[in-house]
Structure formats: structure tokens, C-alpha cells
Amino acid sequence: MKLHVSPPAFRGRLHDPRTATSIGRWLGVAFAVCFVTGLISHFMQHPPGWLADDIPSRPVWGYRLTQGLHVASGIAAIPLLLAKLWTVYPRLFAWPPLRSVKHALERLSVGVLVAGAVFELATGLLNTAQWYPWPFSFVPVHYAVAWIVFGALALHVAVKAPEIGAHWSRRSPGTLALPVEDGPDRRSLLAAVGAAVGAVTLTTVGQSFTPLKDFLLFAPRDPDKGPQSLPVNRTAAAAGVGRIADEAYRLVVAGPRSYTLTLDELRALPQHEVELPIACVEGWSKSARWGGVRVVDLLERAGAPAHARVRVVSLQLRGGYRVSEMGHEHARDPLTLLALRLNGEELDPDHGYPARLIAPDRPGVLQTKWVGRLEVTT
Amino acid sequence: MKALRVLVGTAGVALMAVGASLLTDVRDPTDVLVWLGGAALLHDLVLAPVVLLVGLVLVRGGSRGPVRGALLVAGALTAVALPVLLRPGRTANPSVLPLDYPRNWLISLVAVATVTALWAAARGFARRRRRPGR
């Protein structure tokens, strides 16, 4: 008996180019925002040499906005991607599967786009929940695949440009050639996709856009939950520092005129208060009132030159990001503090007691806690 | 127009090459390829067929519009909630995953059902008023 395999037939409605164009352009916008904000985050966390001295310290809410947008646009892209893939799914079974070399290359690029897009949204979402079921390191892989996905997306738009143009509006020639009776059904589907985007955004975006925090249902962080009503990533116990004894603490400022301060001496220096957000790379952020000593004052006393870079070294014994670096823009910003107080109280050990860095427009992982040493590195 | 298409397409291939070269720096790129392929297979062989099957049942049952919309919104909410609902093991500290996610998931489903029912009822009411005497 001969086994006869035939591709499945799709008689359902709305698997058409107009629906794909309508959803696809919103998905394209979401991916573009996600890619650009992701690049910004990557360069702020791992600045290449040519950029290291030019990262601006203003606006103070810069990283809060871009990283909040990165996570929000990624989450909004989830229903858009699933709806888009549903629309074009019958094309997976196009017959014959390969017509020419050009057709084969096009299908290959779409395959890469689909695999990469699902991969990026899934790994990004799992990362916000700090769930790492894969064997590789998240950051470099999420970063590399982002370039592949965005490149494949640009190629896809270029290949499909005539079809996109023919179905751009309700009056476009391609749209008019489609069955008229599908119109209301399509609008109903698009409204539902829009509602889904709104729903997933409303239930998660409060983790960074705090006016909407009362609607938080599925965010992995609540901006009000944590020691001193502020979330924490690495606790004092996890960092191996515990509560640092006041009399044992020393701050070393190493520069042309190095010096060492006790905690009492640090507290006796002129204190300043600033309102600055802490914005985590995983997407949550919250503004708080910080009090402490200006880093620029500490640097001046050490005789640091105006364009000096600063290395901030933590007393933590375990975990990454023990050392962070600052260009002169951040180091000289009057809002950059070696903070001793949070919302009028002493820092909780989990927030870096006795002293932590807080600087404007800077990723949370670089706001070094339990600071024991500032090094002027020119 | 043709030139612009070629330009955008070439730029796309160049960006893909950047990504591929970044991937070769990763310690074990084969693991990444397995997960990339797995992502496509998971969608194409599991997720999409299940959604199409639900759609088929829906159309056979004569319902599109509001019911389809409600399922779509509930499905999207569930997809976004899966990591916080299912993450195994202890979290790094109590401020990670601090909410009662199973309860929140049920709340969201009830909210979707309620909004859909109210909306369908309001639409039916409006339709009856527009055609009095029928």
C-alpha cells in the first residue's frame, strides 16, 4: 500500500495578508522599540571603550524609561506575535515546499525569524521571573539572538514590501480583492488582539510605571514589596556581607591624595538629599529619597582630575557586579551620592548598609551596594 | 522603491551576520541552536495546532466575535503569567515573585468573563433598541 501524504487544507477565515499586515505593523513597532531599548541597556551595562566616557547622567529617569519600555514592549509583543503567527500559519504547509533557490532562502529567513522571535520573548519573560531552565548564559545569548531577529525582520519587511503595500489600508487594492464579508470579522479579531495587548500591559506595567501599580497581577516584582518598601535583587546574606559593624567599616578613597574614613567621619561630612529612581535591568523600577555624601565631594578631596573615571568596589564576597565603573559624567553629577539613608532611615543591610552608590540614569546592577572603596582611575 | 528594498534587505542580512558572529562567542552555541529550534517546534507543532483546534470547535459552535475575543485575551494573559505561575524552586529573596499569582490568574479570568458578558449584553440591548417592535 502506498502512503499518500498531502498538506493540510485550511478553510478558516482571516489567514490573509490584510490581517497579517494589520497585526504585523504593530508587532514591527514593538520589536523595534524592544531592540533599540535593549541596545541602550546593553551599552549602559557593558560600555565599549569608545563610549565609556560619554554615557550621559541625564535625564535622571533615562534608564528607568528605556528599560521599562524594553520589558513592556516585549510583553506587548507576546499576543501580537502569537496572533501574527496564527494568521500566517497555513503558509507553513505551502505546496510544493520549495519552488526555487530564492524561495528556499526566503523560507529559511522566515524560519529563523519565527524561531528567534519566540525564543527572545520566551527567554526575556522567563528572565524577569529569574527562571533559567537553559544551559547557556542569558545575557550574551539574548543579546546575540536579538541582532539575528531584528536583521531577519528587516529582511522579511523588504521581501514582503509589495504585499504589505497592497494591504496597508482598507482601501488598498489587495484588501479590496479579499472577500468583503471578512471585513467586520477581521475588525473584531483586531480589536480582540488590541484588548489582549492592553490586558497584558495593564497587569504588568505597574512594576515600572508606578501609577498603575494597583493593577499588578503578573509582574514578578511589586515596587512596594521589599525591605524599606523597595525590592532587592541580591541580599546582604547572599552577598556574604551580613550586617557590617559600624566600628569595623572603613571607606577608602584612592587617588592622588588617598584617605580613609570611618563611618562617623562619613556621617559628619555635608549630607545631601536626592530623589532618584532605582531601575533594574529586569524591568522594575521605583523612585526613592536618598541621603548621603556627594561622590564629587569625596573625589575633590582626593584630588581627582575633572575627567577622572571612578571604580566603585563593594565589600561583598559573593556574586557578580562586585566592582562597577563610572565615567566622569556620572562621577561629577551633583546627584550622584554615596548614600547612607533611604527615605529618611538608615539603609537596610539588603540595600547596602552602611553605604551604597546611587547615581542618576544608571542600571540598578551598577548601583553598587556595601561600598568599601572608591578608586580614581583617570 | 526597488533600491530601498534592496538596501533594507541587505542591512537585514548584515544585522543577522552580526548576531551570528556574536553567537559564535558564546561558550556552547549548539545549546542555543537546540533551544531556537525547540522554540519554533513548540509553536508550530503544539501551540498553533491547539489554538486552531479550539478555533474549529468555536466556529462549528457558531460563535465568533466576543467569545473568540475573550478566549484570546484570557490566553494572552495566561501566556504572560506562565513563568510567575510555574517557576519552580525558592526565589532569591521574598521581594522576588511576592504576589499570589494563582489567585491573580483566577481574578483575571473572572474579569475577562465579566467584561465580555457585560459587553455582549450591552450590544444585544443596543441592537434591540435600534429595531423596536421586533
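## A tour of chains A and B

Four residues of domain 1 of chain B are in contact with five residues of domain 2 of chain B, and this is where the tour of this predicted model begins. On the side of domain 1 of chain B that touches domain 2 of chain B, three residues are nonpolar, one is polar and none is charged. To see the two parts in full, select residues 26–61 of chain B for domain 1, and then residues 63–88 together with 97–134 of chain B for domain 2, as given by the domain assignment. If you mark the centre of each domain over its C-alpha atoms, the two points in chain B lie 24 Å apart.

Next, show chain A beside chain B and select the residues where they meet: 56 residues of chain B are in contact with 63 residues of chain A. Colour the helices of chain B in turn, namely H1 (2–24), H2 (29–60), H3 (65–86) and H4 (101–130), since each of them supplies at least two residues of the side that touches chain A. Among the contributors to that side of chain B, H1(B) gives the most, with 14 residues. Colouring by class instead, you will find 35 nonpolar, 13 polar and eight charged residues on the side of chain B that touches chain A.

Now narrow the view to one pair of helices, selecting residues 62–88 of chain A, which form helix H2(A), together with H3(B); the two pack at an angle of about 135 degrees, and their axes are 10 Å apart. An angle of about 135 degrees falls outside the ranges for roughly parallel, roughly perpendicular and roughly antiparallel, the last of these being over 145, and H2(A) and H3(B) are therefore oblique to each other. Their crossing, seen with H2(A) and H3(B) alone on the screen, is right-handed. To look at the contact itself, show Ile75(A), Ile78(A) and Pro79(A) from H2(A), and Ala76(B), Ala79(B) and Val80(B) from H3(B). By class, the contact of H2(A) with H3(B) consists of six nonpolar residues, with no polar and no charged ones.

For the last stop, stay in chain A and select residues 272–279, which are strand E3(A), and residues 285–294, which are strand E4(A); the two strands run antiparallel and are joined by eight bridges. At one point of this pairing, Ala279(A) stands opposite Ser285(A) in E4(A). Five residues lie between the strands of this hairpin, in which Gly283(A) takes a positive phi near 115 degrees.

How values were computed
Residues numbered from 1 in each chain as written. Chains lettered and ligands numbered in written order. Predicted model: local features only at pLDDT ≥ 70, side-chain atom pairs only at ≥ 80, totals over all residues. Pairing = 2+ DSSP bridges. Helix = DSSP H or I, 4+ residues; strand = E, 2+ residues; numbered from the N terminus. Contact = placed C-beta atoms within 7 Å. Nonpolar A, V, L, I, M, F, W, Y, C, P; charged D, E, K, R; others polar. Axes fitted to C-alpha atoms, helices over the stretch in contact; angles between N-to-C directions. Parallel < 35°, antiparallel > 145°, perpendicular 65-115°, else oblique. Left-handed = near helix turned anticlockwise from the far one by under 90°. Domains from an automatic or database assignment.
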